[in-house]
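Me: I am new to this structure and would like a close look at one part of it, the sheet, followed by whatever can be said about the parts around it. Please take your time and explain the terms as you go.

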Amino acid sequence: MSSSRLFINKIRHTRKLYRCRIRLCSTQALEVPTADGLEKTYPAHINDIVDRISQLTLMEVADLNSCLKKRLNIPDAPMMAMGMPMGNVGQSQVKEEEEEEVKQVQSLFTVKLDKFEDSKKIALIKEVKKLVEGMNLVQAKKFVESAPVVVKEELTKDEAEELKKALEAAGGSVVVE
């Protein structure tokens, strides 16, 4: 076959593919966008859903909201206040951060076993075993012998003070950070 004949066959084949592609495309007309100020019409099934939702109580709407969030995997995101002008958002956030830095008070504490008295080592090991969850006697012994070591983290002030008193009573030297 000559090169011109091959070229013509390729063109014919391309035209056939193009016609098939046109036939496979959707035949539905696109919806014409509405002009501003004109009321949009909604399909009947959307209107039915709106009617059914409008008849729900507030508790049922809250349940619907949580159900939809679960089903559609929508995270709970904090909503921004609508009355707040956008220009002041950055300024107010900076002021709030500065106030938080000034007001920041330590609320979580770490209890650390610094050292212990050799004469009260056994009592301290038993106390650590009792206070730290999931620790057996052997683990408690190794734990106490590896002092200085963190006993517990992220405790409230009261919890940290109680833990400190218990460990000091058993013969340990404790630091609360």
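In which sense do strand 1 and strand 3 pair, and over how many bridges?

Reply: This is a predicted model, in which local features need pLDDT of at least 70 and side-chain atom pairs count only at pLDDT 80 or more, while totals for chains, interfaces and linings use all residues. Residues are numbered from 1 along each chain as its sequence is written, and side-chain values use heavy atoms, with hydrogens and water left out.

Strand 1, which covers residues 109-116, pairs with strand 3 in the antiparallel sense, over five bridges. Strands here are DSSP runs of E with at least two residues, helices are runs of H or I with at least four, and the numbering starts from the N terminus; two strands pair if DSSP finds at least two bridges between them. One of the bridges can be named, since Lys115 has Ser173 in strand 3 as its bridge partner.

The sheet as a whole is open and consists of three strands in the order 2-1-3, with antiparallel pairing. Its edges are formed by strand 2 (149-155) and strand 3 (172-176), each of which pairs on one side only. On average, and with direction ignored, neighbouring strands of this sheet are turned by 25 degrees against each other, where axes are lines fitted to C-alpha atoms (for helices over the stretch in contact) and angles run from 0 to 180 degrees between N-to-C directions.

Two backbone details belong to strand 2 and the loop before it. Most residues other than glycine have a negative phi, and most peptide bonds are trans. Pro148 lies in the loop between helix 6 (137-145) and strand 2, and the peptide bond that leads to Pro148 from Ala147 is cis, with omega near 5 degrees. Within strand 2 itself sits Glu154, which is not a glycine and yet has a positive phi of about 55 degrees. Glu154 counts as exposed because its relative accessibility is 63%; exposed means over 50% relative accessible area, buried under 20%, and partly exposed in between, with a 1.4 Å probe and protein chains only.

Away from the sheet, Asn73, in the loop between helix 3 (58-71) and helix 4 (89-103), also has a positive phi, near 55 degrees, and Asn73 is exposed at 65% relative accessibility.

Glu127, in helix 5 (residues 121-131), is by contrast buried, because its relative accessible area is 16%. Leaving aside neighbours within four places in sequence, Glu127 is in contact (heavy atoms within 4.5 Å) with Ala166, Leu167 and Ala170.
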